[in-house]
Amino acid sequence: MSYQPPGQYDRYPPQGSGMQQERRDQPGYGRRPERGAETLANIIHVVVGLVILVFALHVLFVVLQANHGNGFVHGIYVTAKALVLGLGDVFTPDDAVLGVVMNYALAALIYAIVGHLIVRALRRR
């Protein structure tokens, strides 16, 4: 048996290699990343997006005078009415359609702002 000096085909890099040292010097090395806040932020982001979609569909159906007898249209109407949280009668112009557009747009804007602030706060953790 003869001794072979380390060459380019060694399995492991030498102990003093720069790559391993760089990883160890980084903050948080060896700790498991917490993903709970990120998951919650993603869920909130999706839920707020769905609520805004419901508001947009409701406004679209009102503007286009969709048939309230249709199950889907009625479901969107009931869901939007439940999610508007008292903001459905903030503006009361003479034109009822304009009132629906303004009120539900305001509700969607408030949901978007509050949702964005919550997601941003969760992702900073």
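Rings of Phe, Tyr and Trp count as a pair if their centres lie within 6.5 Å. Planes over 60 degrees apart make such a pair edge-to-face. The model examined here is predicted. By this rule, three aromatic pairs are found. Phe-55 and Tyr-104 form one of them, with ring centres 5.6 Å apart and planes at 70°. The geometry of this pair is edge-to-face. Phe-55 belongs to helix 2, residues 36-63, and Tyr-104 to helix 4, residues 96-124. The two positions are 49 residues apart, and the pair thus links distant parts of the chain. Phe-55 and Tyr-104 are both buried. Ring pairs also bring in Tyr-111, which forms a cluster with Phe-55 and Tyr-104.

The pair of Phe-61 and Phe-72 is edge-to-face because the planes stand at 75°, and the cut-off for this class is over 60 degrees. The ring centres of Phe-61 and Phe-72 are 6.0 Å apart. Phe-61 lies in helix 2, whereas Phe-72 lies in helix 3, residues 71-83. The pair therefore ties together parts that are eleven residues apart in sequence. Phe-61 has a relative accessible area of 18%. Buried means under 20%, so Phe-61 is classed as buried.

Phe-61 also takes part in lining a cavity. The structure holds one cavity of 30 Å³ or more. The volume of the largest cavity is about 30 Å³. Its lining consists of His-58, Phe-61, Val-62, His-68, Val-73, Ile-76 and Tyr-77. Helix 2 and helix 3 are the elements that give two or more residues to this lining.

The largest pocket contains about 210 Å³ of space. Its lining comprises 16 residues. Lys-81, Gly-88, Val-100, Asn-103 and Tyr-104 lie nearest the pocket centre. Tyr-104 is thus a member of both the aromatic cluster and the pocket lining. Two or more lining residues come from each of helix 2, helix 3 and helix 4. Helix 4 gives the most, with five residues.

On the surface, Leu-60, Val-63, Leu-64 and Val-97 make a nonpolar patch of about 330 Å². Val-97 is a residue of helix 4. Its relative accessible area is 31%, so Val-97 is partly exposed. Helix 4 also holds Ala-121. Ala-121 is likewise partly exposed, with a relative accessible area of 47%. Ala-121 and Ala-37 are 84 residues apart in sequence. In space, their C-alpha atoms are 9.3 Å apart.

Two loop residues have positive phi values without being glycine. Gln-65 has phi near 55° and is found in the loop between helix 2 and helix 3. Its relative accessibility is 70%. Exposed means over 50%, so Gln-65 counts as exposed. Leu-85 has phi of about 50°. This residue is found in the loop between helix 3 and helix 4. With a relative accessible area of 63%, Leu-85 is exposed.

How values were computed:
Residues are numbered from 1 along each chain as its sequence is written. This is a predicted model: local features need pLDDT of at least 70, side-chain atom pairs count only at pLDDT 80 or more; totals for chains, interfaces and linings use all residues. Side-chain values use heavy atoms; hydrogens and water are left out. Rings of Phe, Tyr and Trp (its six-membered ring) pair if their centres lie within 6.5 Å; planes under 30 degrees apart count as stacked, over 60 as edge-to-face and the rest as tilted. Helices (H or I, at least four residues) and strands (E, at least two) are DSSP runs, numbered from the N terminus. Buried means under 20% relative accessible area, exposed over 50%, partly exposed in between (1.4 Å probe, protein chains only). Patches are made of residues with over 30% relative accessible area and no salt bridge: like charges are joined within 9 Å, nonpolar side chains (Val, Leu, Ile, Met, Phe, Trp, Tyr) within 5 Å. Accessible areas come from the Shrake-Rupley method with a 1.4 Å probe; for residues, only the protein chains shown count as cover. A salt bridge is a side-chain nitrogen of Lys or Arg within 4 Å of a carboxyl oxygen of Asp or Glu. On a 1 Å grid over the protein atoms alone, a cavity is a set of points where a 1.4 Å probe fits but cannot get out, and a pocket is an open set with protein on both sides within 12 Å along at least five of seven lines; lining residues have an atom within 4 Å of a point. Grid points are joined across faces, edges and corners, and a volume is the space filled by probe spheres set on the points.
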